[in-house]
Amino acid sequence: GKTIEKDFNQLVIHPPAKPWNEPKEAGLTDSSGLIDVNPYTLQHKKYENIFAFGSGTNIPTTRSAYATQAQTGIIKHNVLQYL
């Protein structure tokens with residue numbers, strides 16, 4: 001019954017979400033419904049011309065804008081190398 005107050009500088013609320021059907025129907029996802037990529041290259045494990053990053057991938061990281069932003073340099077480098 002006690003109230004505890006703490007300072008904070010940011011609050012992020014993420015409601016529950018379901019995976020999209022299109023990537024699953026295209027065979028791009030794993031059993032969890034997330035796009036199946038190599039966690040080091042962000043390249044799809046089956047289709048070499050597909051790269052993905054962010055919260056739609058199955059890599060072991062937080063589902064946040066900060067994590068996605070941190071992946072942009074990796075994906076940019078790897079897509080350029082692929083091209």
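**Notebook: contacts, core and surface**

Entry 1. I began with histidine 44 and listed its contacts, leaving aside neighbours within four places in sequence: Gly27, Leu28, Ile35, Asp36, Val37 and Ile50. I note here that the model is a predicted one. Histidine 44 belongs to the loop between α1 and α2. Its relative accessibility is 6%, so I entered histidine 44 as buried. I also looked up its distance to threonine 29: the two residues are 15 apart in sequence, and their C-alpha atoms are 9.3 Å apart in space.

Entry 2. I next searched for salt bridges, and the structure holds 1. Which residues form the salt bridge? They are aspartate 36 and lysine 45, and their closest N and O atoms are 3.6 Å apart. As background, I recorded that side chains of opposite charge can pair when their charged atoms come close. I then asked whether each partner is buried or exposed. Aspartate 36 has a relative accessible area of 18%, which places it under the 20% limit, so I recorded it as buried. Lysine 45 has 54% relative accessibility and counts as exposed. Aspartate 36 had already appeared in my first entry, as one of the contacts of histidine 44.

Entry 3. I turned to aromatic rings and searched the whole structure, which gave 1 aromatic pair. The ring centres of phenylalanine 51 and tyrosine 82 are 5.8 Å apart and the planes stand at 65°, so I classed the pair as edge-to-face. Where do the two residues lie? Phenylalanine 51 is in the loop between α1 (21-25) and α2 (65-82), while tyrosine 82 is in helix α2; the pair therefore ties together parts that are 31 residues apart in sequence. Phenylalanine 51 is buried, at 18% relative accessible area. Tyrosine 82 is partly exposed, at 36%.

Entry 4. I then looked for the largest nonpolar core. How many residues does it have? It has 7 residues: Ile35, Val37, Leu42, Phe51, Ala52, Ile59 and Ile75. Phenylalanine 51, from the aromatic pair, is thus recorded here as a core member too. I looked up isoleucine 75 in particular. Without its neighbours within four places in sequence, its contacts are Leu42, Phe51, Ala52 and Phe53.

Entry 5. Leucine 42 received a separate check. It is placed in the loop between α1 and α2 and is buried, with a relative accessible area of 2%. What is the phi of leucine 42? The angle is near 65°, a positive value in a residue other than glycine.

Entry 6. I looked up asparagine 78 in helix α2. Its relative accessible area is 17%, so I entered asparagine 78 as buried. Leaving aside its neighbours within four places in sequence, I found contacts with Tyr40, Thr41 and Phe51. Phenylalanine 51 is therefore a residue that I met in the aromatic pair, in the core and in this contact list.

Entry 7. Finally I examined the surface. Phe8, Leu11 and Ile13 form a nonpolar patch there, and together they have about 410 Å² of accessible area. Phenylalanine 8 is found in the segment before α1. Is phenylalanine 8 buried or exposed? Its relative accessible area is 62%, so I recorded phenylalanine 8 as exposed.

Terms used. Residues numbered from 1 in each chain as written. Predicted model: local features only at pLDDT ≥ 70, side-chain atom pairs only at ≥ 80, totals over all residues. Heavy atoms only, no water. Phe/Tyr/Trp six-rings, centres within 6.5 Å; stacked < 30°, edge-to-face > 60°. Helix = DSSP H or I, 4+ residues; strand = E, 2+ residues; numbered from the N terminus. Buried < 20%, exposed > 50% of the residue type's maximum accessible area, 1.4 Å probe, protein only. Patch = residues over 30% accessible without salt bridge, like charges linked within 9 Å, V, L, I, M, F, W, Y side chains within 5 Å. Areas by Shrake-Rupley, 256 points an atom, 1.4 Å probe, with all protein chains shown as cover. Salt bridge = Lys/Arg side-chain N within 4 Å of Asp/Glu carboxyl O. Core = buried A, V, L, I, M, F, W, Y, C linked by side-chain atoms within 4.5 Å. Contact = heavy atoms within 4.5 Å.
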